[in-house]
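Trainee: I would like a close look at a single part of this model. Please keep it brisk and define the terms as you go.

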Amino acid sequence: MARAVTTQRKALNTAIAWAIGLLIFFPILWTILTSFKTEAQAIADPPVFLFFDWTLENYAVVQERSNYMRFLWNSVFIAGGSTILGIIIAVPAAWSMAFVPSKRTKDILLWMLSTKMLPAVGVLYPIYLIFIKLGILDSRLGLTVVLMLINLPIIVWMLYTYFKEIPGEILEAARMDGASLRNEILYVLTPMAIPGIASTLLLNFILAWNEAFWTLNLTAAQAAPLTAFIASYSSPEGLFFAKLSAASTMAIAPILILGWFSQKQLVRGLTFGAVK
Amino acid sequence: MKLRNALFAASALVSVTATAALADGHATTLTIATVNNGDMIRMQGLTDDFTEKTGHTVEWVTLEENVLRQRVTTDITTNGGAFDIMTIGMYETPIWGANDWLVPLDDLSDDYNVDDILPAMRAGLSHEGTLYAAPFYGESSMIMYRTDLMEAAGMEMPDAPTWQFIREAAAAMTDRDNEINGICLRGKAGWGEGGAFITVTANSFGARWFDEDWNAQFDQPQWAEALNFYVGMMEESGPPGYATNGFNENLSLFQQGKCGMWIDATVAASFVTNPDESTVADSVGFALAPNSEGIEKKSNWLWAWALAIPAGTQKADAAKEFIEWATSTGYIELVAENEGWANVPPGARISLYENANYKDIPFAQKTLDSILAADPTDPTVDPVPYVGIQFVAIPEFAGIATEVSQEFSAAYAGQQTVEEALEKAQAITNEAMEAAGYR
């Protein structure tokens with residue numbers, strides 16, 4: 001009897017989980033479906049779901065109008081570069097906060113996080129002026145640094161909570177065996193924190209990929225990533241929903257595929273470490 | 001002899017290299033920020049013609065209108081130089097021109113024929129008589145209506161109807177059972193969306209934003225009359241949820257046959273008459289935007305998307321060449337040749353409306369009449385200290401009007417009364433104007 005109840009509950013939980021999952025995924029599914037419709041079908045009322053004449057015309061138009069590969073490469077460079085750079089800076093920072101804390105460590109952590117609460121537009125002009133002075137406006141390098149700085153508090157926080165899970169005695173033992181600080185971090189700490197580092201990498205790559213304020217405001221023609229690619233198909237005067245959907249699908253496809261293949265790693269990292 | 005030959009060959013090589021370098025030095029790449037609309041996209045497809053003629057290449061940065069506005073404003077106020085040409089509107093041009101942020105376009109070539117630009121457009125894109133942006137296309141607003149529904153209602157649309165006629169016709173065309181709304185109008189918050197529409201509507205009821213001393217005028221009876229009329233008509237004959245409808249939402253409703261009338265930008269005429277997009281393409285008529293009985297001012301606006309050169313660019317000469325190419329009569333002919341006369345950028349040049357080929361386009365004459373009926377230097381019944389019809393050409397306006405339009409939208413949605421919305425609008429505007437030092 002108990003078993004039957006458990007099975008029923010399991011089935012119910014599964015059904016609820018699927019329903020929530022579908023609800024969350026539905027806007028993405030709708031975008032993908034709309035990308036295969038004509039503009040007239042895209043705004044049809046009542047809306048058409050699956051039974052329409054599927055067309056690749058929107059993709060052809062988007063390919064013809066935009067240099068998709070350049071936007072994609074910029075996204076990969078900026079999201080990848082800022083994440084790796086962030087990890088390189090955050091690992092030693094998180095190490096010191098986790099294993100050699102001072103009286104002010106908690107305050108510093110909170111202060112770092114508080115910078116995320118500042119509206120980005122509040123510092124747009126100072127950063128824009130710095131970019132002009134340094135000659136890095138519309139450059140991948142400049143944007144990589146900015147996105148790294150923006151995501152750095154989250155990276156440090158995540159790594160800090162993962163590192164806190166690792167017993168300090170192990171590192172102490174390594175030190176007693178003569179390991180230098182560099183070797184201690186590289187060969188002892190990092191391998192033990194790999195799931196946490198991997199999930200931090202993935203999460204921050206996704207955050208940087210989707211970042212739209214700085215990527216739109218600090219780029220023009222050369223360094224614009226996929227967020228600018230999508231923005232170029234949005235129009236307040238004219239219904240181009242099907243083309244906008246095609247552009248959006250092309251922009252989210254790489255990150256969707258990456259997320260799909262790395263979901264186990266991501267979930268494992270998140271549930272084992274930081275966000276318990 | 002050998003030495004002489006070698007010297008000759010070397011000097012020839014040097015001169016060829018130098019000539020090539022000089023030629024390369026003239027050719028440059030221009031970065032142009034623009035909006036995503038049909039005319040601008042068409043221009044991007046025809047840029048090869050410009051490159052062939054001048055050797056210059058073009059990099060496009062296409063953005064959504066509001067994003068573009070924020071992006072180019074940041075760049076021009078910091079003298080960033082990220083763009084060589086910017087697509088801006090009638091609101092920004094005189095303000096930026098007055099601040100010397102734009103390169104004056106006062107030395108365009110004779111071939112360009114600057115006198116061919118429609119006077120209203122030229123005036124709206126100038127500051128103290130100097131042109132700062134060249135209009136790529138211009139628009140006003142007008143009535144688009146379903147001729148079949150109007151006929152079924154037993155009414156006939158005059159060329160220049162009044163609001164009172166429009167309300168009556170809207171009620172007669174409304175068929176709630178078949179989801180047909182007599183009239184679809186903007187109600188969405190935002191100075192360029194519902195804010196623009198209600199401002200021109202108020203103009204046609206004798207209202208104005210400010211008196212000559214920059215005092216807000218929302219406490220005057222004309223505003224109450226205009227707003228109550230709008231809300232009353234929309235409740236009788238408008239679509240459900242009209243408080244959140246903007247251009248695109250109404251376009252979608254009209255194209256699906258769910259609106260009897262729609263008053264909006266003249267550029268919409270090409271969308272609603274396009275059989276590939278519109279289910280009612282063959283039964284659309286046009287009329288001038290309405291005015292209230294006894295008031296001469298009509299409720300039509302004036303807008304232009306224009307090309308301007310930011311003062312921070314290092315490529316002003318090449319940028320001028322591009323602007324001359326893109327806003328010339330030659331470009332209009334190029335579009336007509338490639339895409340047909342219905343797709344040429346309208347509303348910028350007088351000669352277009354004298355062209356026999358263009359006169360056949362069903363909405364051409366009404367577009368021109370609407371543009372000619374709009375005067376940004378004399379937008380209201382009573383005198384005002386500002387220029388602009390659907391906006392007030394001061395830097396503070398965008399922020400104030402966005403807040404005011406949010407209050408109006410809340411009234412449309414039934415979250416507050418019209419009187420409450422007007423009271424708040426009065427307070428918001430006066431407070432902001434005082435803070436900005438106008439009062």
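Mentor: Here is one strand, followed by the chain around it. This is a predicted model; local features need pLDDT of at least 70, side-chain atom pairs count only at pLDDT 80 or more, and totals for chains, interfaces and linings use all residues. Residues are numbered from 1 along each chain as its sequence is written, while chains are lettered from A and ligands numbered from 1 in the order in which they are written.

Take strand β1 of chain B, residues 29-35. Strands (E, at least two residues) and helices (H or I, at least four) are DSSP runs, numbered from the N terminus. Six of the seven residues of β1(B) are buried, so the rest of the structure largely encloses this strand. Buried means 20 or more other C-beta atoms within 10 Å of the residue's own, with C-beta atoms placed from the backbone.

Now its partners. Strands pair if DSSP finds at least two bridges between them. β1(B) pairs with β2(B), residues 57-63, in the parallel sense over seven bridges. There, B:Thr34 stands opposite B:Thr62. β3(B), residues 85-88, also runs parallel to β1(B), joined by two bridges. B:Ile32 has B:Ile85 as its bridge partner in β3(B).

β2(B) also leads outward. In all, 28 residues of chain B are in contact with 26 residues of chain A; contact means C-beta atoms, placed from the backbone, within 7 Å. β2 of chain B is among the elements that give two or more residues to that side, as are α2 (38-45), α4 (65-77) and α11 (247-255) of chain B.

Conventions
A residue is buried if 20 or more other C-beta atoms lie within 10 Å of its own, exposed if 12 or fewer, and partly exposed in between; C-beta atoms are placed from the backbone. Two residues are in contact if their C-beta atoms, placed from the backbone, lie within 7 Å.
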